[in-house]
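Visitor: I am new to reading protein models, and I would like to learn how the words used for them are justified. Could you take me through one, step by step?

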Amino acid sequence: MTYALEITGLKKTYKGGFQALKNIELKVEQGDFFALLGPNGAGKSTTIGVMTSLVNKTQGQVKIYGHDIDNALEEAKSHIGLVPQEFNFNQFEPLTNILVNQAGYYGVDRKTALIRAEKYLKQLELWDKRNEPARALSGGMKRRLMIARALMHEPKMLILDEPTAGVDIEIRRAMWDFLQVLNKEGITIILTTHYLEEAEMLCRNIAIIDGGEIVENTTMKGLLAQLDTETFVLDLAPIQHQVSLDGVVSRQLDDHTLEIDISKKQSLNQVFAQLSSQDVEVKSMRNKSNRLEALFVSLINQADKTKENSKVEA
Amino acid sequence: MNNTIALKSILHKEVHRFMRIWVQTLVPPAITICLYFVIFGSLIGKRIGEMGGFDYMSFIVPGLIMMSVITNSYSNVASSFFSAKWQRNVEEMLVAPVPNWVIVAGYVGGGMCRGILVGLIVTFVALFFVDIQVHNIWVIIATVSLTSATFALGGLINAIFAGSFDDISIIPTFVLTPLTYLGGVFYSISLLPEFWQGVSQANPIVYMVNAFRYGFLGISDVSLVTAFAVIGFFIVTLFVTAMVLISKGIGLRS
Ligand SMILES: Nc1ncnc2c1ncn2[C@@H]1O[C@H](COP(=O)(O)OP(=O)(O)O)[C@@H](O)[C@H]1O
Ligand SMILES: [Mg+2]
């Protein structure tokens, strides 16, 4: 089956020389609910920009439902509905007009567009505001307006760039529910976020981006398991035999080094008990730091900061 | 992909925009034209007497109409497209499968609608001051359409390069207005010393105003063929320029 999204060797250097994307490799299956998680400045919006032709790529290949953006750009674009990070509608235009015009750009005739506008405005609780200019909406409403707008041409794939940034918790939950329903109906959803909780709540698969590179691309479950594990490096008195441990993953690197992966819930005692019973002497032990862990600490700090800021603003 | 629907949507949005703010877009030209008629037509015009065999008021009417068509076609596209860039709603079109020529045609069409509508309003106002005769309606229609398309394209290019609202008023103030005033709206080029007649021939607006005046009065300082050739040249050049700029994403894509 063709992938909903397939990115290979994508690089982007902005004018002025800053390299925002170093080498992006990404595959998203049809029907997936996919998270692109990364700290501010990681390159999430740039990646989405390239997919939607708002950013010119420097190198690499991007395919949307099998359509290469280099030679079938319009086909590729017709499958995407985009909810950008920043508000980008005409603030003076009434909601209905914004939706109907957007549908028109995708070739949806006015009559059909009006029916769909009603449907989505009602679903997203904006129907009462349909004749108001967009600037009269609250932040959460504006965000929902952009979701409605992205759905007007009934795309196969919905891309949301930090959709819940600055949205309060109740509306955030309602939005999550709405997205889950869409996904069940068969729409592929790609969402960028810097909240792990959000990705955890919604997504099946996840890629982690940092400094313009994909550092991890796995299932949500796999990632959580990985985050839950710690790796220890044990320095041993030289041994001749093979150590075998129950209940933990271990790698014997040489005659005096053993690496073990252990869940944070598991106790180390049982490991040591097993080692003693096999006459293995542990001389020292250190925690092996992993990049993912460090990244998550920074992500969490950032998320906390954002929350504090929004408190101040409120 | 249905380009007709996309084109109609852009046109619809553009016309809707200037109609919604009609006090800013449609009323000022009507007021300006009244002032011109009062000052040049009634007060000063009587002392000037005839120009090109017609009373002064009749002589300047076509030029005044053309002047408002030019300014309004230009500024409609310049401000609408720049504000779409500024508010970033231009992205609505850029992410959709809309071919570049449809974007250009939509905005230029919108500018033409405003230019021509204002032209009609000004003509209607003029009827209170002077009898308007028609020598050749087809020349009138062709000139007004092509001229408004030319300046709508100019406004689009201006907006593509513009980085601030100031940038879309610089060209109208420093280029368009002088060219229009020196474009034979108020006088026949033949009155100028030979040197300045030559210089005037480099001004495209001279050709537009004269062709337009020919449509009403049957008189022109330049030949119609030359006039249409000049206008055609500008349209093609500006259209190609606009297309290249948009496909490269100048000022639009990073
Ligand atoms: N138009 C631009 N010109 C130059 N640098 C940019 C531009 N847009 C983004 N960048 C830089 O590229 C990096 C990635 O940005 P972005 O993709 O917006 O990150 P994210 O969405 O993950 O927060 C950042 O360091 C940002 O400053
Ligand atoms: Mg971003």
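Here we go through some terms and the values behind them.

Guide: This is a predicted model, in which local features need pLDDT of at least 70, side-chain atom pairs count only at pLDDT 80 or more, and totals for chains, interfaces and linings use all residues. Residues are numbered from 1 along each chain as its sequence is written, chains are lettered from A and ligands numbered from 1 in the order in which they are written, and side-chain values use heavy atoms, with hydrogens and water left out.

Visitor: What makes A:Ser45 and A:Gln85 donors of the magnesium ion (ligand 2)?

Guide: Donors are N, O and S atoms within 2.8 Å of the metal (3.2 Å for Na, K and Ca), and water is not among the atoms, so sites may look incomplete. The OG atom of A:Ser45 and the OE1 atom of A:Gln85 lie 2.0 to 2.1 Å from the magnesium ion, so both meet that definition.

Visitor: Why is A:Glu162 called buried?

Guide: Buried means under 20% relative accessible area, exposed over 50%, and partly exposed in between (1.4 Å probe, protein chains only). A:Glu162 has a relative accessible area of 6%, and therefore it is buried. A:Glu162 also has a positive phi of about 45°, although it is not a glycine.

Visitor: Why does B:Arg88 count as partly exposed?

Guide: The relative accessibility of B:Arg88 is 35%, so it counts as partly exposed. Phi of B:Arg88, a residue other than glycine, is positive as well, near 70°.
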